[in-house]
Amino acid sequence: MTEHLYADVILPLPLGDLFTYRIPPDFQPNIKVGVRVVVQFGARKFFSALVYKLHYNMPVGSFDIKDIDAILDSEPVVTPAQIILWEWMIDYYCCALGEVYKAALPSALKLESQTKVSFNPNYQIPEDLPGEEEALLLMLQGHGQTNIQSINKFLGKKSSLSTLKLLLEKNAVLIEEKIEENYSAKMQSFIFLHPNLATEEAIRSALDSVQKAKKQLQLLEYFLAETIYHPEKRPNLAKKDLLEQTGISESVLRTLLDKNFLHLQEIEVGRLDLDYNEEQKIFDLSEAQNQALSEIREATATGKPVLFHGVTSSGKTEVYIKLIEEQLNQGKQVLYLVPEIGLTTQLINRLKRAFGNKAGIYHSRFNDSERVEIWFNTLHEREKSFHIIIGARSAALLPFRNLGLIIVDEEHENSYKQFDPSPRYNARDVAVVLAQIHRAKVILGSATPSFESYFNVKTGKYAIVELTQRYQNISLPEIQISDIRLATKRKQMKSLLTLDLFDAIETALKKEEQVILFQNRRGFAPYLQCGTCGWIPKCKNCDVSLTYHKNLGALVCHYCGHTQTMPGNCPDCHSTEIKTRGFGTEKIEEELSILFPEARIARMDMDSTRAKKAYERLIYQFESKQIDILVGTQMVTKGLDFDHVSVVGILNADQLLNYPDFRSFERSYQLIAQVSGRAGRKNKQGKVIIQTTQPEHPVLLDVVANDFTRLFNTQMNERKMFRYPPYFRLAKVVVKHKNRDRLNMAANQLAIRLRKNLGFNILGPEYPLVGRIQSWYQKEIWVKLERDQKLGQSKKLIVEEIKALKALPNNGGLVAYADIDPM
């Protein structure tokens, strides 16, 4: 009896099991672990699954074993190191292998029956395209967006995924995720010489015909001089450059295009500008930076992760660049993780200037074709392969072939934590494990380290290198606490500003210096209230008040996006006394325009930076001193380095300090210290004014004294006493249901079972601050797990209890999951 070869595959579904399929004899020579195969799952659905294991063991059971339908790849699309990382993630973060697979691979590499497909309007169908591919493209042109199930019927095949793979490689079709995102390939207009002017005689004739049209003649002559008559024989010229350099209007160019003398073509250009000189000199380091570099080399030689604790504006990035250069000289790859890719314009420009086309960017806002291209650039050694990947948390899941160094910049940021959907991983911690797998060096950098990382230093798990002085020995900013209660009592408030902050802004503007004001709340007012009866408008889907956005003239829920018009009167008592309460960035911007009418004021928050390139424009305008005062949320604290900022104002520190969370003091210190670091970075000492009603608050006193260690020691004593991280691990178990009574019953059942099996280090179930989001009621159970007990066994038990809960009668429609190390 002939032995059959079987494959255990991973499906892109939230399922904990592997699924076994038989490999037909014709496919056996080409099957490998790590390639994608087309498989049927259920009666009608097809998926591109990933081969996890090959074996000859026939599955036990009475069910029929299905054959795989096609092999999509000649070589593996994932590496063995990735699989090891995925296995660690499913074990540590209590998630399914299919969820990690789905999170890691770009969408174009994991097609399924319900994936929506459409024709790419920028694709020109060639004459020699195979008949099946041409027929499919013509169908898509006529029908618009279609799912793969319909395509299967049209082609008369069980699965069309292999055909679609070929069309995706040709960029002939677009898939669902690409269609839904407001993000397209960056196109640029280039001017070519028209084929009609292919000979010298034709060119002379064209020049003669425009002798009397001076502008046309000037434009055509300039184009010829810069292209075919240029020493480098350039094939084209960017339209923008042509018009800017000649100073001639676009209408003149259109005339030459209409005459078929010139030809315009839209060409995709990468978002990463690769025209930097690779040999550009990397700046020399200061004595303090060189000392830090030497200490990092010694520390990484021990194999430990290194916490690089450098004050703001100490020049950590320049040290990173030196370390990257060393790895590139050894032929290694580098992963540079940043908390939010949209906020790193300046960093990316600095790395491009140093390393040019060796650097690539990877993040979820790229269209799918670009993400696939970077995926394979990282996986395979090619002529133009990337050696440095700059990216947000998803970049940690790329298929690195020869990783030598991982840098986690601003490692304290909670943006590294994935909240929804699963896997709910922390990219900082994944990076540490990834470095161990590749035997690479890992550096965690921050001016305000997370307490967990600093604790790991104290316990000897991490090494530490400190850079305590700013670049060029510029002093740390002077920090002043301004008492809002005292200023209000003395009637010295200038709208939202204390007299201290008002005077500092006024002085800075007179000296033509810049100001940053921080308020971590967007919108005009956090809520409205009826002055007569106290009514507050609430979201119909969430248990939260609606935020007033004056620019929109509407009330908006920041959780589900629900929007409604501004009420003219109170629906309860019909009073017209509707008043705004509190203040957000919109209101600050409006008040400042009244207080400082001559100042140029701009706002940086999620609302003002939604448009493509809006963030980059704001950065450029502020850098070039087109803006005097920048008002922003925590976006202004990250990745920014400005030469002319002399004053930073924090308008309401109480909002940070009084948040009900055991990490609130840690985060308050980090945020205030980070935003303070924007002041006086290059030219002279800056000034920071913190407005508060609690001037004697210990966190604020630690900020003023720049005493991170004192805050850390105080907080560690409290956390040890109350059994919080880093002394204990936390698991947050979330239970959701659209029916409140069903939720309460299920959450209580789960809490009882967990206490029975795990003891009494369990809090809840209790509603979080916002107990209903998008019509889902939710409760949380917090489980404190001792570090010295069998952590894996406890997490496994939590997962089993969640499964048992879902299987109970009347728990249909229930959602429950565990979030390990919640932020």
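Six residues face the interior in one stretch of this predicted model: F708, L711, F712, Q715, M716 and R719 of helix 24 are buried. These residues cover an arc of only 130° around the axis, which places them on the same side of helix 24. On the other side of helix 24, N717, K720 and M721 are exposed.

The buried residues of helix 24 pack against four elements, including strand 12 (306-310) and helix 16 (451-458). Helix 22 (664-676) and helix 23 (698-705) are also among the elements packed against the buried residues of helix 24.

The length of helix 24 can be checked. With 15 residues (708-722) at 1.5 Å a residue, helix 24 should span 21 Å, and its end C-alpha atoms lie 21 Å apart, which agrees. Just after helix 24, R723 adopts a positive phi of about 65°.

The chain as a whole contains 26 helices and 34 strands. Its radius of gyration is 30 Å, close to the 28 Å that the globule rule gives for 823 residues, so the chain is as compact as a globular protein of that length.

Further values for the chain are set out below.

| Property of the chain | Value |
|---|---|
| Box filled by the C-alpha atoms, along the principal axes | roughly 85 × 85 × 70 Å |
| Buried residues | 53% of the 823 residues |
| Exposed area | about 38,100 Å² |
| Share of the exposed area supplied by carbon and sulfur atoms | 48% |

Among contacts in the chain with a separation of 6 or more, 73% are between residues 24 or more positions apart.

Conventions. Residues numbered from 1 in each chain as written. Predicted model: local features only at pLDDT ≥ 70, side-chain atom pairs only at ≥ 80, totals over all residues. Heavy atoms only, no water. Helix = DSSP H or I, 4+ residues; strand = E, 2+ residues; numbered from the N terminus. Expected span 1.5 Å × (residues − 1). Buried < 20%, exposed > 50% of the residue type's maximum accessible area, 1.4 Å probe, protein only. Arc of directions from axis to C-beta. Contact = heavy atoms within 4.5 Å. Rg over C-alpha atoms; globule rule 2.2 N^0.38 Å. Areas by Shrake-Rupley, 256 points an atom, 1.4 Å probe, with all protein chains shown as cover.
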